[in-house]
Amino acid sequence: MSGQQRGRRYSAAWRTGTTVFFPPLIKAMMKRDWHGYQHFPRQGGMLVAGNHLSYVDWAAMALFVHEAGRYPAFMIKSSAFDVKGIGALLRGCGQLPVRRGEADAANVLKVAEQALTDGECVIIYPEGTATRDPEQWPMVAKTGVARLALATRVPVIPVATWGAQDILPYGTTKPHLWPRHTVHMLAGPPVDLTEFEGQPFTRDVLRGATNKIMGDVAKLLAELRGGQPPAEPYHPAVARRAARQAAREAESPAAAGPDGQEQPSPDAQPQPGPDADPREATPT
């Protein structure tokens, strides 16, 4: 009898099959240096929030969560469920479709919220895509992770990954499988979100909780790779505006004013300073 027939949204047989078939393949793909399993609750709903560097992150995270004693349920864009063969696998294993483009941000997260309520281990990459930060630190994240965490009160376990980008750099299709690269993973204790609990889901509350979660992920990543994460995470929209402004200034040299000083181009737009709010272009 399928899991759906018993009230679950997945097939127990499909899940068992993946735990037999996929781990040996993933182990053959990479060397592993993984730590922090003790922070995973043995049962009950939980969120795993990770940084995103490569498509190989999914394989590494799936095995990491499996070896921590939980079954991974990823939040995946709904269009993947329409791909022949892949869609059947995703549905059978109970992966979670994310239907983007809906007007109400809460509606996008309803399936994941139900899975957490049912006691599942849900994996989310809060950045929404692989980081565009030139130094590969986590960039500004979307606030869906905070909405899920605060709505369900489940523990949020931060997990940092480093090395998957050496196997398959983002934007490429040819993996570098030999010699095998080492993927480093480190899980930390649950993120402390008590200061945000019981408050309305305002923009400030969701952004604050999201920043707290990603701050813990960035600290773990610093332990893995060394160095110091930036004080303000990379913001793609701000970076694009800055690049356009620099291009305009290069094409239109500043004219000298009456006092002989250079004046800015008349179409120049003010750029965000160090205290600018990085949320202005961040979707929820």
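These legends walk you through several close-up views of one predicted model. Residues are numbered from 1 along each chain as its sequence is written, and side-chain values use heavy atoms, leaving out hydrogens and water. Because this is a predicted model, local features need pLDDT of at least 70 and side-chain atom pairs count only at pLDDT 80 or more, while totals for chains, interfaces and linings use all residues.

**View 1. The whole chain holds 9 helices and 9 strands.** Helices (H or I, at least four residues) and strands (E, at least two) are DSSP runs, numbered from the N terminus. Of the 284 residues of the protein chain, 43% count as buried; buried means under 20% relative accessible area, exposed over 50%, and partly exposed in between, with a 1.4 Å probe and protein chains only. Look also at who touches whom: among contacts in the chain with a separation of 6 or more, 74% join residues 24 or more positions apart. Contact here means heavy atoms within 4.5 Å.

**View 2. Strand S2 is a mostly covered strand.** S2 spans residues 46-50, and 5 of its 5 residues are buried. Met46, Val48 and Gly50 point one way, while Leu47 and Ala49 point the other way. S2 pairs with S5 in the parallel sense over 4 bridges, and with S6 in the parallel sense over 4 bridges too. Two strands pair if DSSP finds at least two bridges between them. To find your way, start from Ala49, whose bridge partner in S5 is Ile124, then go to Leu47, which stands opposite Val156 in S6.

**View 3. The largest nonpolar core has 31 residues.** A nonpolar core is a set of buried Ala, Val, Leu, Ile, Met, Phe, Trp, Tyr and Cys residues joined through side-chain atoms within 4.5 Å. Met30, Trp34, Phe40, Val48, Met61, Val159 and Met185 touch the most other members. The elements giving two or more residues to this core are S2, helix H2 (56-67), strand S3 (72-77), S5, S6, H7 and S7. H2 gives the most, with 8 residues. Apart from this core lies another, of 27 residues, among them Ala49, Val145, Ala146 and Leu148.

**View 4. Here is Val48 with its neighbours.** Not counting residues up to four places away in sequence, Val48 touches Phe40, Met61, Cys121, Val122, Ile123, Ile124, Ile157 and Val159.

**View 5. Helices H5 and H6 pack at an angle of about 40 degrees.** H5 covers residues 110-117, and the axes of H5 and H6 are 10 Å apart. Axes are lines fitted to C-alpha atoms, for helices over the stretch in contact, and angles run from 0 to 180 degrees between N-to-C directions. The two helices are therefore oblique to each other; angles under 35 degrees count as roughly parallel, over 145 as roughly antiparallel, 65 to 115 as roughly perpendicular and the rest as oblique. The contact is made by Ala112, Glu113 and Leu116 of H5 and Leu148, Ala151 and Thr152 of H6.

**View 6. Three loop residues deserve a look at their backbones.** The peptide bond from Trp178 to Pro179 is cis, with omega near 0 degrees. Pro179 sits in the loop between helix H7 (164-167) and strand S7 (182-187). Gln136 is not a glycine, yet has a positive phi of about 65 degrees; this residue belongs to the loop between strand S5 (121-124) and helix H6 (144-152). At 27% relative accessibility, Gln136 counts as partly exposed. Arg153, also a residue other than glycine, has a positive phi near 60 degrees, and lies in the loop between H6 and strand S6 (156-162).
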